[in-house]
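Let's take a walk through this chain, starting with the overall layout and ending with a handful of residues. Keep the viewer open as you read.

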Amino acid sequence: MIERLSRGPASVHGLTEPFALSQQMISKHIAYLVRARIVIKTKRGRESVCTLRPEAIKTVSDWAIRYRRFWEESFDKLEVVVNEMKRNGGQR
């Protein structure tokens, strides 16, 4: 859904089509994205149109990058400890 919205605004109905989910489930998902301020939902006549907020995606991306670095460094340290334990026959 996010990937589709990255190409431009889409109606709720248009977002429902590629998924094997009910309109109710899609609407619920969209409501979560709206609450998270990732998507803006507006009315155009009888249709609801969703628009992605790129700045919100950037915020999430920046956050994920920071934590990815943290976990990669942590796993690198763990790997050093595990390799050391293997060399010492499991004793420290």
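What follows goes from the whole chain, through its nonpolar core, to single residues.

One thing to keep in mind from the start: this is a predicted model. The chain has four helices and three strands, and reading from the N terminus their order is α-β-α-α-β-β-α. The chain is more spread out than a compact globule, because its radius of gyration is 21 Å, well over the 12 Å that the globule rule gives for 92 residues. You can get a feel for that by turning the C-alpha trace along its principal axes, where it spans about 70 × 30 × 20 Å.

How much of the chain is buried? Buried residues make up 20% of the 92 residues. The surface that the chain exposes comes to about 7400 Å², and 57% of that is supplied by carbon and sulfur atoms. If you're thinking about electrostatics, count 18 positive and 10 negative side chains, with the centres of the two sets 8 Å apart. As for how the chain meets itself, take the contacts with a separation of 6 or more: residues 24 or more positions apart account for 38% of them.

Now for the inside. The largest nonpolar core has 13 residues, and the ones with the most contacts inside it are Met1, Leu5, Leu15, Ile30, Ile38, Val39 and Cys50. Two or more residues of this core come from each of helix H2 (12-16), helix H3 (23-35) and strand E3. H3 gives the most, with three residues.

Let's stay with H3 for a moment, since Leu33 is found in that helix. Is Leu33 buried or exposed? Leu33 counts as buried because its relative accessibility is 11%, and the cut-off for buried is under 20%. Leaving out residues up to four places away in sequence, Leu33 touches Met1, Ile2, Ile38 and Val39. Cys50 is 17 residues from Leu33 in sequence, and their C-alpha atoms are 9.9 Å apart in space.

Move on past the end of H3 and you come to Arg37, in the loop between H3 and strand E2 (39-44). Here's a backbone detail to check on your Ramachandran plot: Arg37 has a positive phi of about 60°, although it is not a glycine. Arg37 is exposed, with a relative accessible area of 61%.

Ile38 is one of the residues with the most contacts inside the core. Which residues does Ile38 touch, not counting those up to four places away in sequence? The list is Ile2, Leu33, Thr51, Leu52, Arg53, Ala56 and Ile57.

Strand E3 covers residues 47-52, and Ser48 is found there. Ser48 is buried, as its relative accessible area is 15%. Set aside its neighbours within four places in sequence, and Ser48 is in contact with Ala10, Ser11, Val12, Lys41, Thr42 and Lys43.

That leaves helix H4, which runs over residues 54-87 and holds Val60. With a relative accessible area of 44%, Val60 is partly exposed. Its C-alpha atom is separated by 9.3 Å from that of Ile38, 22 residues apart along the chain. Val80 also lies in helix H4, but Val80 counts as exposed, at 53% relative accessibility; the cut-off for exposed is over 50%. How far apart in space are Val80 and Val60, C-alpha to C-alpha? The answer is 30 Å, for two residues 20 apart in sequence.

Definitions and conventions:
Residues are numbered from 1 along each chain as its sequence is written. This is a predicted model: local features need pLDDT of at least 70, side-chain atom pairs count only at pLDDT 80 or more; totals for chains, interfaces and linings use all residues. Side-chain values use heavy atoms; hydrogens and water are left out. The radius of gyration is taken over C-alpha atoms; the globule rule is 2.2 Å times the number of residues to the power 0.38. Buried means under 20% relative accessible area, exposed over 50%, partly exposed in between (1.4 Å probe, protein chains only). Contact means heavy atoms within 4.5 Å. Accessible areas come from the Shrake-Rupley method with a 1.4 Å probe; for residues, only the protein chains shown count as cover. Lys and Arg count as positive and Asp and Glu as negative; His and the chain ends are not counted. The place of a charge is taken as NZ of Lys, CZ of Arg, CG of Asp or CD of Glu. A nonpolar core is a set of buried Ala, Val, Leu, Ile, Met, Phe, Trp, Tyr and Cys residues joined through side-chain atoms within 4.5 Å.
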